[in-house]
Amino acid sequence: MRAGARGDSGQAFPVYIAVIAGLLFLAFVYFAVGQAASTRNGAQTAADAAALAAAQDAREQLRTGWLEVITDPVQWDGFLQGKEFDSLPACQQAAVFAARNDALLSDSDCVPLSSGQEGFSVTVRSRESVGRSIVPGTEAQHATASAKAVIEPRCTFTAPTPEPEESEPDPDPAEPGEEPTPEPEPEPITGLTCGDEAWTIDPDDPKLPSAVDLFTVRLAGDD
């Protein structure tokens, strides 16, 4: 009886080892899959952050440039459409934010949109390999992710219709020693609307809404 029990125990031991080995293998597979998913999610987060950073930098450039020509509405058109910005510093900001999220972004992987929208498309690569050097054979495999951020103008400008000027006789030339007639002061600029708010530009103290009020920045899909 005891010999039979010892025989059964001996036969069960290899089965027990096989079951444990199978469970360990499954645990390793689940762990590897989880690591890969985590790396891919991290890459997507980095891509989103990079695209938004580029678009936000461009938005700040737009506001700064607009202020430089704020008293000349003839030069506003490119700013109203969100076109007057330099993509190089914007993409440099994208690279900074990609690095903060443990990813890499090369110069060729940050490009302005060409689909009739203003903004940027970026593609990043994770610093860590997909298997994070734990899974053999994945050392050279890195996760990549792409994102697109658009800049949407929130302002419109309608130049006011000039009132017809009444003809007046030419002023008499100033007598010697007499002060010349002063030039008329520039009129406030009206017709700019951002969102639902109308803005009046004072030529003596020109101001613009904040960049957030001038332009919306958002992530976009393939629309």
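Reader: Is D205 buried, partly exposed or exposed?
Author: This is a predicted model, and D205 comes out at 44% relative accessibility. Buried would need under 20% and exposed over 50%, with the middle class in between. So D205 counts as partly exposed.

Reader: Which residue forms a salt bridge with D205?
Author: Side chains of opposite charge can pair when their charged atoms come close. For D205, the closest N and O atoms of the pair are 3.7 Å apart, and the cut-off for a salt bridge is 4 Å. The partner of D205 is K207.

Reader: How many salt bridges does the structure hold?
Author: The pair of K207 and D205 is one entry, with its closest N and O atoms 3.7 Å apart. K83 with E118 is another, and D102 with R127 is another still. The count for the structure is four.

Reader: How many residues apart in sequence are the parts that K83 and E118 tie together?
Author: The two side chains meet in a salt bridge, at 3.1 Å from N to O. K83 lies in the loop between α2 (77–80) and α3 (87–100), whereas E118 belongs to strand β3 (residues 118–129), so the pair links parts of the chain that are separated in sequence. That separation is 35 residues.

Reader: Within that pair, is E118 buried or exposed?
Author: Start with its partner: K83 has a relative accessible area of 43%, so K83 is partly exposed. E118 has a relative accessible area of 18%, and the cut-off for the lowest class is under 20%. That makes E118 buried.

Reader: Where does D102 sit, and which strand holds its salt-bridge partner?
Author: D102 pairs with R127, the closest N and O atoms being 3.7 Å apart. D102 lies in the loop between α3 and β1 (103–104), so with R127 it ties together parts that are 25 residues apart in sequence. As for cover, D102 counts as partly exposed at 38% relative accessibility, and R127 does too at 43%. The strand that holds R127 is β3.

Reader: What is the phi of D102 near?
Author: This one is worth a look in the backbone. D102 is a residue other than glycine, yet its phi has a positive value, and its place is in the loop between α3 and β1. The phi is near 60°.

Reader: Which residue takes a positive phi in the hairpin of β6 and β7?
Author: β6 (189–194) and strand β7 (residues 197–201) pair in the antiparallel sense over four bridges. Their hairpin has two residues between the strands, and one residue of the hairpin has a positive phi near 70°. That residue is G195.

Reader: What is the bridge partner of I189 in β7?
Author: Two partners in β7 help to set the register of this antiparallel pairing. T193 is matched with A198. For I189, the partner is I201.

Reader: And what is the bridge partner of F157 in β6?
Author: Here we move to the pairing of β5 (155–157) with β6. The two strands run antiparallel and three bridges join them. In β6, F157 is matched with L192.

Reader: Is E185 buried or exposed?
Author: E185 sits in the loop between β5 and β6, and it helps form a negative surface patch along with E187, D202 and D204. Its relative accessibility is 64%, against a cut-off of over 50%. So E185 counts as exposed.

Reader: How far apart are the C-alpha atoms of L67 and P206?
Author: L67 lies in helix α1 (residues 2–68) and is partly exposed, with a relative accessible area of 29%. P206 is 139 residues apart from L67 along the chain. Their C-alpha atoms are separated by 7.7 Å.

Reader: What is the C-alpha to C-alpha distance between F85 and L62?
Author: F85 is found in the loop between α2 and α3, and it counts as buried at 18% relative accessibility. F85 and L62 are 23 residues apart in sequence. In space the distance is 5.8 Å.

Reader: To zoom out, what pattern does the chain follow along the sequence?
Author: The chain has 223 residues, and buried residues make up 29% of them. There are four helices and eight strands. Read along the sequence, the pattern is α-α-α-β-β-β-β-β-β-β-α-β.

Technical notes
Residues are numbered from 1 along each chain as its sequence is written. This is a predicted model: local features need pLDDT of at least 70, side-chain atom pairs count only at pLDDT 80 or more; totals for chains, interfaces and linings use all residues. Side-chain values use heavy atoms; hydrogens and water are left out. Patches are made of residues with over 30% relative accessible area and no salt bridge: like charges are joined within 9 Å, nonpolar side chains (Val, Leu, Ile, Met, Phe, Trp, Tyr) within 5 Å. Accessible areas come from the Shrake-Rupley method with a 1.4 Å probe; for residues, only the protein chains shown count as cover. Lys and Arg count as positive and Asp and Glu as negative; His and the chain ends are not counted. The place of a charge is taken as NZ of Lys, CZ of Arg, CG of Asp or CD of Glu. Buried means under 20% relative accessible area, exposed over 50%, partly exposed in between (1.4 Å probe, protein chains only). Two strands pair if DSSP finds at least two bridges between them.
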